[in-house]
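Visitor: Please take a close look at one part of this model and explain what surrounds it and what ties it to the rest of the chain. I would like the cut-offs behind each term as you go.

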Amino acid sequence: MSEREAPVRDVDDVDAVTRAVLTASRLLVAVSARSLAEVEERVTLPQFRMLVVLSTRGVTKLVTLAELLQVAPSTAMRMVDRLIVAGLADRQTNPDNRRETLLRLTDEGRRTVEDVTRRRRAEISAIVERLAPGQRTALIKALTALNEAGGEPPAEEQELHPLGWADASTRSGA
């Protein structure tokens, strides 16, 4: 029997639910990868993650960006250097503290984040449209419960974290 045909009694089985979530995760990773396909020659997934953080936070100190991405400042700097060369980010010295570097997206960087997010949303929407209305309602309830259990804040119409990377402070309720 395939996962799609699994009996309803399996919903209480942690292994069955885990398999279903892993399958859905694989689908969403594939959707995310396809949404990045048009920019993959210019931007890696970690670099795109950096663009998303800059998109949501605006001008950001390098050390803060490194903390948000959970990478060393030197790693963040190398990523930024590549984004600057690609014309997607810009760096400037903080006028209030000349030892700090401030980073921001360029217009091209902002368009890149918007385009990838738009493609991702369109593909997910097309998948959801294939579900019956009752399945959509059940999916909303199930995913809301899963997100709450995992500490992921809800995505709003104007998504603050279009690829699902929330600040650690948001997850902890701070």
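Guide: The cover over the buried residues of α5 includes α1, α2 and β3, where cover is judged by contact, meaning heavy atoms within 4.5 Å. The residues of α5 that are buried are Gly109, Thr112, Val113, Val116, Thr117 and Arg120; buried stands for under 20% relative accessible area, exposed for over 50% and partly exposed for what falls in between, with a 1.4 Å probe and protein chains only. This is a predicted model, in which local features need pLDDT of at least 70 and side-chain atom pairs count only at pLDDT 80 or more, while totals for chains, interfaces and linings use all residues. Residues are numbered from 1 along each chain as its sequence is written, and side-chain values use heavy atoms, with hydrogens and water left out.

The helix itself runs over residues 107–129, with helices (H or I, at least four residues) and strands (E, at least two) taken as DSSP runs numbered from the N terminus. Its end C-alpha atoms lie 32 Å apart, which agrees with the 33 Å that its 23 residues should span at 1.5 Å a residue, the expected span being 1.5 Å times one less than the number of residues. An α-helix has 3.6 residues a turn, so residues three or four places apart point the same way. Val113, Val116, Thr117 and Arg120 are among the buried residues of α5.

The setting for this helix is a chain of seven helices and three strands, which follow one another in the pattern α-α-β-α-α-β-β-α-α-α. Of the 174 residues in the chain, 24% are buried. Among contacts with a separation of 6 or more, residues 24 or more positions apart account for 52%.

On its buried side, α5 takes part in the largest nonpolar core, being one of the elements that give two or more residues to it, together with α2 (45–57), α3 (62–69), α4 (73–85) and β3 (101–105). Such a core is a set of buried Ala, Val, Leu, Ile, Met, Phe, Trp, Tyr and Cys residues joined through side-chain atoms within 4.5 Å. This one has 23 residues, and those with the most contacts inside it are Phe48, Met50, Leu51, Leu54 and Leu65. The element that gives the most to the core is α2, with six residues. Leu65 shows how sequence-distant parts meet there: leaving aside residues up to four places away in sequence, Leu65 touches Met50, Val53, Leu54, Thr60, Val80 and Leu103. Leu65 also belongs to the buried residues of α3, alongside Leu62, Thr64, Ala66 and Leu69, and the cover over that group includes α2, β1 (60–61), α4 and β3. β3 is thus part of the cover for α3, as it is for α5.

The charged side chains of α5 supply further ties. A salt bridge is a side-chain nitrogen of Lys or Arg within 4 Å of a carboxyl oxygen of Asp or Glu, and by this rule the count comes to eight. One of them joins Arg34 and Glu123, with N and O 2.3 Å apart; this pair links distant parts of the chain, since Arg34 lies in helix α1 and Glu123 in helix α5, 89 residues apart. Arg34 is partly exposed at 42% relative accessibility, and Glu123 is likewise partly exposed, at 24%.

Two further bridges reach from α5 to the loop between α1 and α2. Glu38 pairs with Arg119, their closest N and O atoms being 3.7 Å apart; because Glu38 lies in that loop and Arg119 in helix α5, the pair ties together parts that are 81 residues apart in sequence. Here Glu38 is exposed, at 64% relative accessible area, whereas Arg119 is partly exposed, at 22%. Glu108 of α5 meets Arg42 of the loop, in a salt bridge of 3.2 Å from N to O, and these two residues are 66 positions apart. Glu108 is partly exposed at 28% relative accessible area, as is Arg42 at 37%. The bridge does not stand alone, for Arg42, Glu108 and Arg111 are linked in a network of salt bridges.
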